[in-house]
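Trainee: Hello! I am new to reading structures, and I would like to go through one with you, feature by feature.
Mentor: Happy to help. Let us put it on the screen and begin.

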Amino acid sequence: VHGGDTDELTPCPTTQEIGACNTDPCPIDCVVTDWSEWSTCSATCGTGRQEHTRSIEIEAAFGGTICPPLRGEQDCNTDYCPIYCQVAEWSEWGVCSLTCGGGTQDRVRAVAVEPQYTEVPCPDLTETQSCNRRPCPCTLR
C-alpha cells in the first residue's frame with residue numbers, strides 16, 4: 001500500500017504476471033531393439049546374402065530423432081565354389097604285355113574338368129589288370 005494520506009490507500013501494482021509457457025510436447029526419440037543374429041547365408045560358396053533385423057520399441061514423436069534402418073544385409077561365403085575333377089570314361093583295355101604266363105594290360109581315362117579351389121585330387125587316370133594267366137606251353141629243344 002502506498003500514498004501519503006492514510007485515508008486514501010492505493011494497492012501496490014502487480015509485480016508479476018503468470019502465463020503458460022513451454023506448452024509444446026517434449027520431443028520423443030525413436031528407440032529400437034538390438035540387432036537379431038545374422039540369418040543363414042543364402043549360398044554355401046560363391047557369394048550369398050544374409051540379413052539381420054531389429055524392431056521399434058518407441059516411435060519418434062514431436063520432432064524427436066527418427067528411427068535408424070531396421071534391416072541390414074551383407075555378403076557372405078564369398079569364397080569361390082570348389083570345382084571338382086571330372087574324368088572321361090575309361091578306354092578299352094590295352095593289349096596284354098604277354099601272350100601267356102601272366103602279363104598286364106592297362107586302360108586310361110582323361111581329365112575332362114580340372115579341379116579348382118579344392119584340395120580334392122583327381123582319381124587315378126590309369127588302371128592295370130593281369131591278363132593271359134594261362135601257363136605257356138613247354139617247348140622242347
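Trainee: Which residues does Q105 touch, not counting residues up to four places away in sequence?
Mentor: Before I answer, keep in mind that this is a predicted model. Leaving out those sequence neighbours, Q105 touches W93, G94, V95 and C96, and also E127, T128, Q129, S130 and C131. Q105 itself is found in strand β6, which covers residues 103-108.

Trainee: Does its side chain do anything specific there? What does the side chain of Q105 reach at 2.7 Å?
Mentor: The backbone oxygen of G94. The side chain of Q105 also makes a polar contact with the side chain of Q129, at 2.8 Å.

Trainee: Is Q105 buried or exposed?
Mentor: The idea is to look at relative accessibility, where buried means under 20%. Q105 has 14%, so Q105 counts as buried. Across the chain, buried residues make up 13% of the 141 residues.

Trainee: Let me try another residue in that strand. How exposed is V108?
Mentor: V108, also in strand β6, has a relative accessible area of 43% and is therefore partly exposed. Leaving aside neighbours within four places in sequence, V108 is in contact with E89, W90, S91, L125 and T126.

Trainee: How do I read the overall form of the chain? What radius of gyration does it have?
Mentor: A useful approach is to set the value beside that of a compact globule. For 141 residues, such a globule would have a radius of gyration near 14 Å, but this chain has 46 Å. Along its principal axes, the C-alpha trace spans about 175 × 20 × 20 Å. For one pair to look at, take V108 and A20: they are 88 residues apart along the chain, and their C-alpha atoms are separated by 99 Å.

Trainee: And how many helices and strands are there?
Mentor: Zero helices and eight strands. From the N terminus on, the elements run β-β-β-β-β-β-β-β. As for contacts between residues at least 6 apart in sequence, 60% of them join residues at least 24 apart.

Trainee: Next, charges. How many salt bridges are counted?
Mentor: Here is the general idea: side chains of opposite charge can pair when their charged atoms come close. In this model the count comes to five salt bridges. One of them joins D75 and R49, with N to O at 2.4 Å. D75 lies in strand β4 and R49 in strand β2, so this pair ties together parts that are 26 residues apart in sequence.

Trainee: Are those two residues buried or exposed?
Mentor: Neither label fits. D75 is partly exposed, with a relative accessible area of 44%, and R49 counts as partly exposed at 35%.

Trainee: Which residue forms a salt bridge with R71?
Mentor: E51, with the closest N and O atoms 2.7 Å apart. R71 lies in strand β4 and E51 in strand β2, so the pair ties together parts 20 residues apart in sequence. E51 counts as partly exposed, at 30% relative accessibility.

Trainee: Which residues are linked in a network of salt bridges?
Mentor: R49, E51, R71, E73 and D75. Elsewhere, the side chains of E127 and R107 meet in a salt bridge, at 2.7 Å from N to O. That pair links distant parts of the chain, with E127 in strand β8 (residues 126-131) and R107 in strand β6, 20 residues apart. E127 counts as partly exposed, at 29% relative accessibility.

Trainee: What about the surface? Which residues make the nonpolar patch?
Mentor: I28, V31, I58 and F62 make a nonpolar surface patch of about 330 Å². For the whole chain, about 11,600 Å² is exposed, and carbon and sulfur atoms supply 51% of it.

Trainee: Where does F62 lie?
Mentor: In the loop between β3 (56-58) and β4 (71-76). At 52% relative accessibility, F62 counts as exposed. Its backbone is worth a look too: phi of F62 is near 55°, a positive value in a residue other than glycine.

Trainee: Which loop holds T47, and what is its phi?
Mentor: T47 sits in the loop between β1 (31-32) and β2 (48-53). Its phi is positive, about 80°, although T47 is not a glycine. T47 counts as partly exposed, at 40% relative accessibility.

Definitions and conventions: Residues are numbered from 1 along each chain as its sequence is written. This is a predicted model: local features need pLDDT of at least 70, side-chain atom pairs count only at pLDDT 80 or more; totals for chains, interfaces and linings use all residues. Side-chain values use heavy atoms; hydrogens and water are left out. Patches are made of residues with over 30% relative accessible area and no salt bridge: like charges are joined within 9 Å, nonpolar side chains (Val, Leu, Ile, Met, Phe, Trp, Tyr) within 5 Å. Accessible areas come from the Shrake-Rupley method with a 1.4 Å probe; for residues, only the protein chains shown count as cover. A salt bridge is a side-chain nitrogen of Lys or Arg within 4 Å of a carboxyl oxygen of Asp or Glu. Helices (H or I, at least four residues) and strands (E, at least two) are DSSP runs, numbered from the N terminus. Buried means under 20% relative accessible area, exposed over 50%, partly exposed in between (1.4 Å probe, protein chains only). A polar contact is a pair of N or O atoms within 3.5 Å; within protein, one must be able to donate a hydrogen and the other to accept it, and residues adjacent in sequence count only if both atoms are side-chain atoms. Contact means heavy atoms within 4.5 Å. The radius of gyration is taken over C-alpha atoms; the globule rule is 2.2 Å times the number of residues to the power 0.38.
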